[in-house]
Amino acid sequence: MRRLVVLALSVALSVPLAGTARAQRLPVERAVGGCSVFPADNWWNADVSGLPVHARSRQWLSHMSTDRDLHPDFGPSYGDGPDYGIPVTVVKPSHQRVRVRFDYADESDRVRYPLGRDTRVEGGRGSEGDKHTVVVDRGSCRLYETWNTRSRGTRWMAGSGAVWSLRSNALRPEGWTSADAAGLPILPGLLRWAEVKAGRVDHAIRFTTDVTSRHHLWPARHDAGSRSSRAYPPMGARFRLKPGFSTSGLSPYTVAVVEAMKTYGLVLADNGSPWYFQGEQNRHWPERLIEELKGIPASAFVAVDTASLQVSRNSAQVRSY
């Protein structure tokens with residue numbers, strides 16, 4: 001994950017807690033560690049099926065390799081290393097907290113992180129990939145995420161780190177990165193096996209593309225593009241599968257994902273391979289689901305204008321419509 005960092009004007013390290021909402025009681029498949037994944041009125045959870053197509057939709061898509069199909073960046077690896085996907089680690093409130101040295105410290109939350117031998121790292125600790133960690137403290141319902149995570153003995157290092165309250169709609173400071181180039185949390189954009197198995201995916205899905213602009217859209221806070229032109233897709237752009245895309249012959253699990261793409265869409269969250277979308281690392285992902293998801297054409301998507309949902313520039317809360 002290549003990123004261009006905007007120098008921060010402040011090294012304030014507090015994690016914003018404004019806009020905190022009461023925790024919700026949710027079915028097991030819709031919670032992580034017993035915690036709701038952000039409030040129900042959070043941008044990630046917003047139904048965008050009725051929103052207008054973005055004015056720059058055609059421009060953006062013209063630079064996004066729409067001649068290819070989507071690629072689920074998770075599932076079985078058939079013995080070639082760990083299964084694909086971004087692992088989620090749930091810890092107790094009593095879990096040890098460690099200091100982490102960050103490469104981009106000015107834009108990282110420099111608090112102690114609940115990392116240890118039980119922390120699962122994307123691709124494994126010896127991976128040459130992004131090495132994300134996603135950790136949920138089930139007591140406080142706080143989310144800790146790091147990118148390019150390494151450890152040496154009891155010492156931990158990472159490219160960047162970010163912390164959120166899963167009960168809050170507060171965003172990171174404007175201009176700050178996170179474990180994603182968009183400055184957004186990773187967890188709410190991951191497909192999780194429990195929700196797909198239950199047939200209910202009610203949030204947008206994180207994805208990547210290779211050429212992006214040096215701009216970002218609310219609620220994204222950061223960008224890492226290589227193009228100054230706004231004709232290229234910005235971080236935070238949201239794309240919706242066209243309603244006429246047929247689900248005939250697809251398995252119920254695939255239908256659940258397709259319907260989520262029509263209702264909640266995809267979120268451009270990082271630079272990477274075009275149209276790779278992410279799910280959690282889980283050994284239960286069915287092979288048929290993975291293969292069917294590879295048949296969704298990128299050309300069946302349009303960009304959505306979510307500006308009308310904004311309540312506040314500094315909050316991911318959305319207004320009803």
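**Exercise 1.** In this predicted model, determine which residues lie nearest the centre of the largest pocket, and characterise its lining.

*Solution.*
Step 1. The lining of the largest pocket comprises 32 residues, and those nearest its centre are Asp73, Tyr84, Gly85, Glu122 and Tyr276.
Step 2. The space enclosed there amounts to about 610 Å³.
Step 3. By residue class, the lining of this pocket divides into 10 nonpolar, 12 polar and 10 charged residues.
Step 4. Among the secondary structure elements, β3, β11, β13 and α4 (287–293) each contribute at least two lining residues.

**Exercise 2.** Establish the strand order of the open sheet of six strands, and explain why β3 and β15 each have one side without a neighbour in the sheet.

*Solution.*
Step 1. The order reads β3-β14-β11-β13-β12-β15, and the pairing is mixed.
Step 2. Since β3 (71–72) and β15 (301–304) occupy the edges, each has a single partner strand, so one side of each remains without a neighbour in the sheet.
Step 3. Within the sheet, β11 (residues 205–209) and β14 (residues 276–277) run antiparallel and are joined by two bridges; Phe207 has Phe277 of β14 as its bridge partner.
Step 4. Helix α3 (residues 252–263) lies across β11, β12 (238–241), β13 (266–271), β14 and β15, at about 125° to β12.

**Exercise 3.** Describe the largest cavity by its volume and the classes of its lining residues.

*Solution.*
Step 1. Two cavities of 30 Å³ or more are present, and the largest holds about 70 Å³ of space.
Step 2. Its lining includes Phe38, Trp44, Trp164, Leu171 and Pro219.
Step 3. The lining of the largest cavity divides into nine nonpolar, three polar and no charged residues.

Note on methods. Residues are numbered from 1 along each chain as its sequence is written. This is a predicted model: local features need pLDDT of at least 70, side-chain atom pairs count only at pLDDT 80 or more; totals for chains, interfaces and linings use all residues. Side-chain values use heavy atoms; hydrogens and water are left out. On a 1 Å grid over the protein atoms alone, a cavity is a set of points where a 1.4 Å probe fits but cannot get out, and a pocket is an open set with protein on both sides within 12 Å along at least five of seven lines; lining residues have an atom within 4 Å of a point. Grid points are joined across faces, edges and corners, and a volume is the space filled by probe spheres set on the points. Ala, Val, Leu, Ile, Met, Phe, Trp, Tyr, Cys and Pro count as nonpolar, Asp, Glu, Lys and Arg as charged, and the others, Gly among them, as polar. Two strands pair if DSSP finds at least two bridges between them. Helices (H or I, at least four residues) and strands (E, at least two) are DSSP runs, numbered from the N terminus. Contact means heavy atoms within 4.5 Å. Axes are lines fitted to C-alpha atoms, for helices over the stretch in contact, and angles run from 0 to 180 degrees between N-to-C directions.
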